[in-house]
Amino acid sequence: MDLWYTENHQNDTKFSIQVSEHIHTEKSEFQEIDFFKSKTFGTFFTLDGLMMVTEKDEFIYHDMIVHVPMAVNPDVKKVLIIGGGDGGTAREVLRYSSVEKVDMVEIDERVVRLCQKYLQQTACKLDNDVRLKMYFEDGLKFVQECADNSYDLILVDSTDPIGPGEGLFTYAFYNNCKRILTKNGILINQHESPYYESYAHEMRRSSKKIRETFPIAKVYQFHMPTYPSGHWLFGFASKELDPIVDLKADKWNSLGLKTKYYNTNLHVGSFMLPTYVIEMLEDTANV
Ligand code: SAM
């Protein structure tokens, strides 16, 4: 049988992976969840038909969401993860012995439970580290109720701004993140892609709001083979720390953490954006 997973990257552009097995499908309270097996990408899962995580390329996303801010402030102790139900972000954060507490707020408990069943590669640290506490609720509501100065690092590992992820791309959310971050705090957010028009529009909207909220707001890029166009971005925002000027390369390298994608030279390079992306970010008209 010839079975394929196909995602529309645009109305006239599709991306497909040959599938050896459709392992699981269900509609949770929030979204449609599917797990597949494939030869090239291993096990992968989708939410509402959009690719989330594959065993083959998840290291790129999770290295870049976690190690970039950790190399700017290796003294981070209190971390908040919003979304990230597959567990890959928590797995990387928990590699730092200096981290004392990780709160993970995932709206959909079913994503976590299914990843624990089918995707141990990312979910492997979700039930065996006392520093991690999981909350199954909306991240937007969670940050509203947090006390000032609660976290040194907030990682927004969310879906796109359609459906349950929508509130995580609003001024209300970013303002609360700023309020609950400590003086040296850093916010990293899933920042969409500059390449296809619909994603680029969301990228510009998110970027503008973050720049209006935080004194330091930059964007960095990475290569994600299974996401639309393969070119993806994270946003870096903080009150005081600049991602390049304040990079603690020697300190981070002295930790001896083995990573497959991230290194401190790539860290600097990832903030050097292509001209068309710089121009898009500068052009705030019609956003
Ligand atoms: N790496 C992925 C990407 O960018 O496509 C994201 C992975 S992670 C699975 C995204 C998670 O965000 C999902 O499990 C989803 O349930 C969760 N999520 C979406 N909206 C949320 C919200 N408002 N609060 C908390 N979690 C949310």
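**Figure 1. F35 and its burial in the predicted model.** In this predicted model, F35 has a relative accessible area of 0%. Since residues under 20% count as buried, F35 is a buried residue. If you are following along in the structure, look for F35 in strand 4, which covers residues 32-38.

**Figure 2. F35 meets Y118.** Here we look at the ring that F35 pairs with: the rings of F35 and Y118 form an aromatic pair, with 5.2 Å from centre to centre. Their planes make an angle of 45 degrees, and the pair is classed as tilted. Y118 belongs to helix 3, residues 109-118, whereas F35 belongs to strand 4, so this pair ties together parts of the chain that are 83 residues apart in sequence.

**Figure 3. Y61 and F234, an edge-to-face pair.** Next comes another aromatic pair, made by Y61 and F234. The ring centres are 5.0 Å apart and the planes stand at 65 degrees, an edge-to-face arrangement. Distant parts of the chain are linked here: Y61 sits in helix 1 (residues 58-72) and F234 in strand 13 (residues 231-238), 173 residues apart. Are these partners buried or exposed? Y61 is buried at a relative accessible area of 4%, and F234 is buried as well, at 0%.

**Figure 4. The aromatic cluster around Y61 and F234.** Step back a little and Y61 and F234 turn out to be members of a cluster linked by ring pairs. The other names to pick out are Y199, Y220, F222, Y227, W232, F236 and F271. Across the model, the count of aromatic pairs comes to 19.

**Figure 5. The chain that frames the close-ups.** To help you place the views above, this panel takes in the chain, with its 10 helices and 13 strands. Its radius of gyration is 18 Å, close to the 19 Å that the globule rule gives for 287 residues, so the chain is as compact as a globular protein of that length. Along the principal axes, the C-alpha atoms fill a box of roughly 55 × 45 × 35 Å. Buried residues account for 57% of the 287. Of the contacts between residues at least 6 apart in sequence, 67% join residues at least 24 apart.

**Figure 6. Surface and charge.** The chain has an accessible surface of about 12500 Å², and carbon and sulfur atoms contribute 50% of that area. Counting charges gives 31 positive and 42 negative, and the mean positions of the two sets lie 5 Å apart.

Methods:
Residues numbered from 1 in each chain as written. Predicted model: local features only at pLDDT ≥ 70, side-chain atom pairs only at ≥ 80, totals over all residues. Heavy atoms only, no water. Helix = DSSP H or I, 4+ residues; strand = E, 2+ residues; numbered from the N terminus. Rg over C-alpha atoms; globule rule 2.2 N^0.38 Å. Buried < 20%, exposed > 50% of the residue type's maximum accessible area, 1.4 Å probe, protein only. Contact = heavy atoms within 4.5 Å. Areas by Shrake-Rupley, 256 points an atom, 1.4 Å probe, with all protein chains shown as cover. Lys, Arg positive; Asp, Glu negative; His and termini not counted. Charge placed at Lys NZ, Arg CZ, Asp CG, Glu CD. Phe/Tyr/Trp six-rings, centres within 6.5 Å; stacked < 30°, edge-to-face > 60°.
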